[in-house]
Amino acid sequence: MSDFTQFKLSPELLKSLEQMQITAPTPIQQETIPLAIEGFDILASAQTGSGKTIAYLLPAILKLAKDPQSTALILAPTRELAAQVHQALMKLQGNAASLKAALLIGGASMFNQLRDLRKKPRIIIGTPGRITDHLMRRTLSLGSVRFLIIDEADRMLDMGFGVQLDKIAEFLPQTRQTLMFSATLPPNIVKLSNKYLRDPKRVSIDSSKQEAPKIKQDTLHISTSEKRAKLTQELDQRQGSIIIFVKTKRRAESLAEELREKEYSADAIHGDLSQRQRDRAIQGFRNSKCRIIVATDVAARGLDIPHVMHVINYDLPDCPEDYVHRIGRTGRAGAEGFAMSFISPEERHKWRAIAQLLKIPFTDQGGGGRLEPGRRPYSSQRRRPGGQKRAPYNRFR
C-alpha cells in the first residue's frame with residue numbers, strides 16, 4: 001500500500017493528511033485500516049510512534065459518516081494522550097469539522113466539558129476516570145456508541161484503570177465494533193480483550209517492520225547521593241531539549257525548582273498538576289521557551305514532541321516497558337536521539353529487568369544494550385586525574 005488513496009478516503013481527508021505531512025501509511029495503518037473499514041474487531045500490538053492514532057481515527061470518521069445516528073468512544077490512559085488524539089482528529093477534519101468531538105479528561109474544566117456534551121458530540125475522547133465521572137453524574141450517555149477504541153491498553157492496566165473499564169463497559173451497547181491497541185500483548189491484555197472483543201483480527205507489528213529509532217543509549221552506575229551533581233554535568237554537556245524522568249511527583253517539583261535556581265530553563269509535569277498547568281508546561285516545552293522538562297511517567301506516553309534531543313532517566317522506571325516508552329520520546333521521525341540512565345545500587349534489579357526485556361547482556365558492572373540489534377555493548381573505566389577511578393560508564397548504541 002503506497003498511499004492512502006486505496007482506502008477510498010474523501011478528498012478532504014486526503015488533503016488533511018497531506019497538510020499533516022503524512023504521505024504513506026505505516027505498517028500498522030496498512031494492516032489495521034482495511035480490517036476496521038470492513039467492520040472487524042481488532043486486537044493490535046504496535047509500539048509508540050507507529051502511527052496507530054491515524055490507524056483508528058480514519059476508520060472511525062468513515063464509519064460515523066455512514067451512520068449519522070452513531071457515536072464513537074476513544075479511551076486513552078493519560079490526559080496528554082487523549083489531548084493528542086483530540087488534536088489529531090481536529091487536524092484530520094480541517095476547518096470543515098463535520099463531526100463534533102468532546103475531550104473529557106481530569107484536571108480540565110467540568111463546565112467546558114458539560115458545554116461540549118450538550119452539543120451532542122459524535123466522538124468522545126477521554127480518560128477512564130473522567131468518563132466514569134460523567135457516567136455517574138448522568139451527564140454522558142453511551143447508548144449510541146457503535147465504535148469503541150481502547151488505546152494503550154497495557155498502560156490502562158498498569159495505571160489501575162481495570163475497574164473503570166469494567167464500569168464503562170456496563171454502559172456500552174453489545175452491538176458495536178471495538179479496536180484495542182497495546183504496545184505489548186501479555187496474558188492480562190489478552191484476557192482483557194476477551195471481555196471487549198468478538199472474534200478479533202490480530203495485528204502485530206514487530207520492530208523489524210518499523211524504522212529502527214536512532215537512539216544512542218548510555219548508562220552510568222552511580223550512588224543516589226551523586227545523582228544531582230552528575231545531572232548538572234550532563235545538562236551542561238548537552239545541547240537541545242531534554243526530558244528528565246523521575247519516580248515521584250515530589251521529586252519532579254523539587255528537581256525542577258533546583259534547576260531553575262541554578263538558572264536552567266526547567267519546568268515540571270506530573271499527575272498533581274491541573275490540566276491548564278500541564279498544557280502550559282508542555283506548550284512552553286514544545287515552543288522551545290523551556291529547555292528542560294522534569295517528568296514522572298505521566299509523560300512517557302502521549303507526549304509527541306519531535307525536537308526532543310535527550311532523555312535522562314534520573315530514576316529507573318518500575319515497569320521495564322516504561323523504559324522503552326521513555327526513551328522513545330527522543331529519536332522521533334528519523335532524527336537522532338540520546339538517552340542516559342543513572343543506575344544506583346538500589347536500582348540494579350530494575351536495570352536487570354530492562355536488560356532482559358531488550359535482550360541485552362547484564363553484568364554486575366552494569367552491562368548495556370540498545371534497541372538496534374547487531375552490535376555488542378561495551379563498558380569502560382574512566383579515571384580521574386591522579387589515577388582515581390570514576391563510576392563505571394557504559395556506552396552502547
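In the predicted model, helix H2 passes helix H3 in a right-handed crossing. The axes of H2, which spans residues 27–38, and of H3, which spans residues 52–66, come within 9 Å and cross at roughly 20°. Because angles under 35 degrees count as roughly parallel, H2 is described as roughly parallel to H3. On the H2 side, the residues that meet H3 are Ile28, Gln29, Thr32, Ile33, Ala36, Ile37 and Glu38, and their counterparts in H3 are Lys52, Ile54, Ala55, Leu58, Pro59, Leu62 and Lys63. In general, an α-helix has 3.6 residues a turn, so residues three or four places apart point the same way.

These two helices belong to a protein chain whose secondary structure comes to 14 helices and 15 strands. The chain has 397 residues, of which 51% count as buried, and its accessible surface comes to about 18,700 Å², with 48% of that area belonging to carbon and sulfur atoms. Among contacts between residues at least 6 apart in sequence, 72% join residues at least 24 apart.

An open sheet is formed by seven strands, arranged in the order E3-E4-E2-E5-E6-E1-E7 with parallel pairing. Its edges are strand E3 (101–104) and strand E7 (201–204), each of which pairs on one side only. On average, and with direction ignored, neighbouring strands of this sheet are turned by 15° against each other. Helix H5 (residues 110–118) packs on the sheet, where it touches both E3 and strand E4 (123–126), and the direction of H5 makes about 155° with that of E3.

Within the sheet, strand E2 (residues 71–75) is joined by five bridges to strand E5 (residues 145–150), the two strands running parallel. E2 also pairs with E4 in the parallel sense, over four bridges. Individual residues of E2 can be followed to both of these neighbours: the bridge partner of Ala72 is Phe147 in E5 and Ile123 in E4, while that of Ile74 is Ile149 in E5 and Ile125 in E4. The pairing of E3 with E4 is likewise in the parallel sense and comprises four bridges, with Ala101 standing opposite Ile123 of E4.

The burial of these strands was examined next. Five of the five residues of E2 are buried, so this strand is largely enclosed by the rest of the structure. Both faces of E2 are covered, since Thr71, Leu73 and Leu75 on one side and Ala72 and Ile74 on the other are all buried. In E4, Ile123 and Ile125 point one way, whereas Ile124 and Gly126 point the other way, and all of these residues are buried.

Burial also characterises helix H13 (residues 320–327), in which six of the eight residues are buried, so that the helix is largely enclosed by the rest of the structure. The buried residues of H13 are Pro320, Asp322, Tyr323, His325, Arg326 and Ile327.

Key: Residues are numbered from 1 along each chain as its sequence is written. This is a predicted model: local features need pLDDT of at least 70, side-chain atom pairs count only at pLDDT 80 or more; totals for chains, interfaces and linings use all residues. Side-chain values use heavy atoms; hydrogens and water are left out. Buried means under 20% relative accessible area, exposed over 50%, partly exposed in between (1.4 Å probe, protein chains only). Contact means heavy atoms within 4.5 Å. Accessible areas come from the Shrake-Rupley method with a 1.4 Å probe; for residues, only the protein chains shown count as cover. Two strands pair if DSSP finds at least two bridges between them. Axes are lines fitted to C-alpha atoms, for helices over the stretch in contact, and angles run from 0 to 180 degrees between N-to-C directions. Angles under 35 degrees count as roughly parallel, over 145 as roughly antiparallel, 65 to 115 as roughly perpendicular and the rest as oblique. A crossing is left-handed if the near helix is turned anticlockwise from the far one by less than a right angle, and right-handed if clockwise.
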